[in-house]
Amino acid sequence: MAQERKLKITVDHDVCVGNAMCETFATNTFALNEERQSEAVNPQGDPLAQVLEAADNCPVSAITVEDAETGEKLFP
Amino acid sequence: MVTAVSDDMFTDEVLNDPYAYYGQLREEDPVHWNDLYQLWVVTRHDDLVWLTRHNELFSSAVFKNDPRPPYPTIYDSDLGLYEFVREYQARQFIQHDRPVHLDMRKVVHGYFTPRSMEEWRPMVKDVIKDLLDEAEERGSMDVMRDFATPLPLLIIAEMMGVPRQDRPYIREVAEKLLYVGRGEPWRMQNFSEGIREMIEYVTPLVEKRIVEPEDDFISVLAQGEREGVFSRDQVISNSSLLLLAGHETTINLLCNGILSFIRNPDQYELLRSDIEGMHVKANEECLRHDSSVKSITRIASEDVELRDKVIKKEDRIRWFISSANRDPRKFENPDQFDITRWPNPHVAFGAGIHHCLGATLVRVEGQEAFRAFAERFESLHLDTTEDQLEYQPSITFRSLKSLPITWN
Ligand code: HEM
Ligand code: HEM
Ligand code: SF4
């Protein structure tokens with residue numbers, strides 16, 4: 001099931017250590033790039049709950065999630 | 001380039017000041033073949049980051065796949081014990097590659113999210129307060145014995161769900177497990193005894209949590225067994241993981257950090273002048289400047305070219321956190337202890353899929369520990385002379401033997 005709500009997801013590459021937990025919890029949303037850092041390749045890829053779980057499981061709190069339309073902060 | 005550096009990494013000189021030795025390698029021969037120990041020594045920050053993030057090229061299953069004997073050497077009569085230890089160690093997920101590593105890590109990862117570790121902060125603060133109250137009453141403290149050793153242990157015991165009355169016993173066992181990072185030839189005796197006692201101790205706890213889960217760490221592992229990810233043996237092995245992986249490392253952060261503040265009173269003053277604003281940054285700088293873990297091993301899964309060298313399949317590689325965190329290509333004035341440094345992209349916790357599971361916990365412990373010292377003590381002093389400070393003969397851990405201090 002894809003995500004209906006439009007999300008704006010950012011990954012802070014100053015802190016991402018490439019441990020791939022986000023990719024593990026939200027497989028369609030996140031993917032590691034050449035440098036093995038995470039990119040939100042498809043913000044609509046997974047249900048919101050899964051995206052939030054991924055963000056929560058980032059050990060260095062690199063991920064922020066907001067509603068792209070309203071700007072509402074969903075994580076942290 | 002061939003460098004004139006000697007390959008003996010266990011001399012007093014190198015143990016006391018690893019920064020000069022590995023720093024020279026970093027500048028002269030960043031991917032160095034150490035002929036004496038038959039391994040590659042990798043020392044630059046960008047190479048470490050690259051290497052740790054390419055887990056498919058560098059295997060972590062060192063104990064399972066490396067037939068070479070332990071070093072520094074142990075007594076021949078202890079080789080049997082070593083086999084036992086190695087088999088036990090090989091069950092820990094730190095020693096696994098994907099896909100098994102991911103399945104195992106997923107079970108425990110959720111327990112260590114930054115948010116869930118925040119919930120432990122009040123408890124960590126309480127434990128720190130008690131330990132420092134006791135020290136103040138006595139009027140002196142060996143930071144190692146009286147603060148850094150009991151602190152992580154008390155927290156871990158709480159997380160594991162160890163009943164209060166069993167703590168002195170766990171402390172005794174933990175002392176034996178601390179031999180993991182040492183170089184003494186008899187270390188396997190203490191270490192394997194510690195493991196045996198640990199197994200005996202946690203087995204009934206595990207059996208209980210399988211039937212009646214609670215919210216402690218052993219119950220999380222027990223859930224892993226119910227889901228078929230862990231065998232019973234693995235649950236038992238990994239139950240002691242918190243103790244093994246999180247004890248020596250945290251001790252070193254606290255001791256090395258306090259020592260850095262003693263040697264740099266201006267930085268201590270700076271922390272004291274704005275504790276709220278500085279304690280997080282200060283902790284990161286302690287992690288970087290005199291890192292708890294000096295080096296970690298991998299085995300090449302295929303031939304890999306790195307700089308002008310070819311690392312052959314099955315070759316051993318040791319990557320040195322202590323030199324990467326002092327790499328001038330990444331850090332300005334790298335040898336300076338500067339608690340305003342930010343961002344601080346150190347690799348004290350490694351990187352990639354094996355990035356330290358306990359990092360979130362240690363950050364809470366370190367931040368609160370340095371905060372508490374700064375709140376309480378106007379200035380810190382060594383209660384011994386610089387030349388009396390000694391380090392354990394280990395290339396894995398940067399461990400002081402003791403750290404007696406006084407304060408005003
Ligand atoms: C200052 C304290 C600590 C430091 C500097 C540290 C450092 C490290 C490093 C460098 C690694 C990477 C190992 C590798 O790539 O092979 C690691 C992994 C690990 N650490 Fe820590 N550690 C600390 C504290 C802790 C604590 C308190 C725990 C307890 C939960 C812990 C549990 C682990 C585990 C389980 C792994 C293996 C992760 C994996 O393979 O996925 N560490 N640590
Ligand atoms: C989780 C439970 C762990 C167990 C049971 C364990 C056990 C052991 C044992 C038995 C040794 C051999 C010691 C010797 O030869 O004297 C060893 C070495 C080592 N451990 Fe661990 N360890 C654990 C966690 C960790 C963690 C978290 C780190 C990283 C921070 C780490 C890093 C190392 C390194 C780098 C060596 C040296 C390996 C070599 O000599 O090639 N270990 N460990
Ligand atoms: S979980 Fe965090 S650190 Fe790990 S890859 Fe994703 S963004 Fe990076």
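In chain B, the loop between α19 (321-324) and α20 (359-376) holds B:Cys356. The model shown here is a predicted one. B:Cys356 is a useful place to begin, as its SG atom is a donor to the iron atom of ligand 1. The distance from this SG atom to the iron is 2.3 Å. The protein gives the iron atom no donor besides B:Cys356, which is the single one.

From the iron site we can turn to the chain around it. Chain B is built with 20 helices and ten strands. Its sequence has 408 residues, and 61% of them are buried. The contacts of chain B can be sorted by how far apart the partners lie in sequence. Taking contacts between residues at least 6 apart, 72% of them join residues at least 24 apart. The surface that chain B exposes comes to about 16,800 Å². Carbon and sulfur atoms supply 49% of that exposed area.

One residue of chain B can be looked at by itself. Where in chain B is B:Glu28 found? It belongs to helix α2, which covers residues 18-28. Is B:Glu28 buried or exposed? Its relative accessible area is 28%, so it counts as partly exposed; the class of partly exposed residues lies between the buried ones, under 20%, and the exposed ones, over 50%. B:Glu28 can also be placed relative to B:Ser295. In sequence the two residues are 267 residues apart. In space, their C-alpha atoms are 19 Å apart.

Chain A is the other chain to consider. How many helices and strands does chain A have? It has two helices and five strands. Along the sequence, these elements come in the order β-α-β-β-α-β-β. The radius of gyration of chain A is 11 Å, close to the 11 Å given by the globule rule for 76 residues, so chain A is as compact as a globular protein of that length. Measured out along the principal axes, its C-alpha trace spans about 30 × 20 × 20 Å.

The interior and surface of chain A can be described in similar terms. Of its 76 residues, 49% count as buried. Among the contacts in chain A with a separation of 6 or more, 54% are between residues 24 or more positions apart. Chain A exposes about 3,700 Å², and 48% of this area is supplied by carbon and sulfur atoms. As for charge, chain A carries 5 positive and 14 negative side chains. The centres of these two sets lie 5 Å apart.

Terms used. Residues numbered from 1 in each chain as written. Chains lettered and ligands numbered in written order. Predicted model: local features only at pLDDT ≥ 70, side-chain atom pairs only at ≥ 80, totals over all residues. Heavy atoms only, no water. Helix = DSSP H or I, 4+ residues; strand = E, 2+ residues; numbered from the N terminus. Rg over C-alpha atoms; globule rule 2.2 N^0.38 Å. Buried < 20%, exposed > 50% of the residue type's maximum accessible area, 1.4 Å probe, protein only. Contact = heavy atoms within 4.5 Å. Areas by Shrake-Rupley, 256 points an atom, 1.4 Å probe, with all protein chains shown as cover. Lys, Arg positive; Asp, Glu negative; His and termini not counted. Charge placed at Lys NZ, Arg CZ, Asp CG, Glu CD. Donors = N, O, S within 2.8 Å, 3.2 Å for Na, K, Ca; no water.
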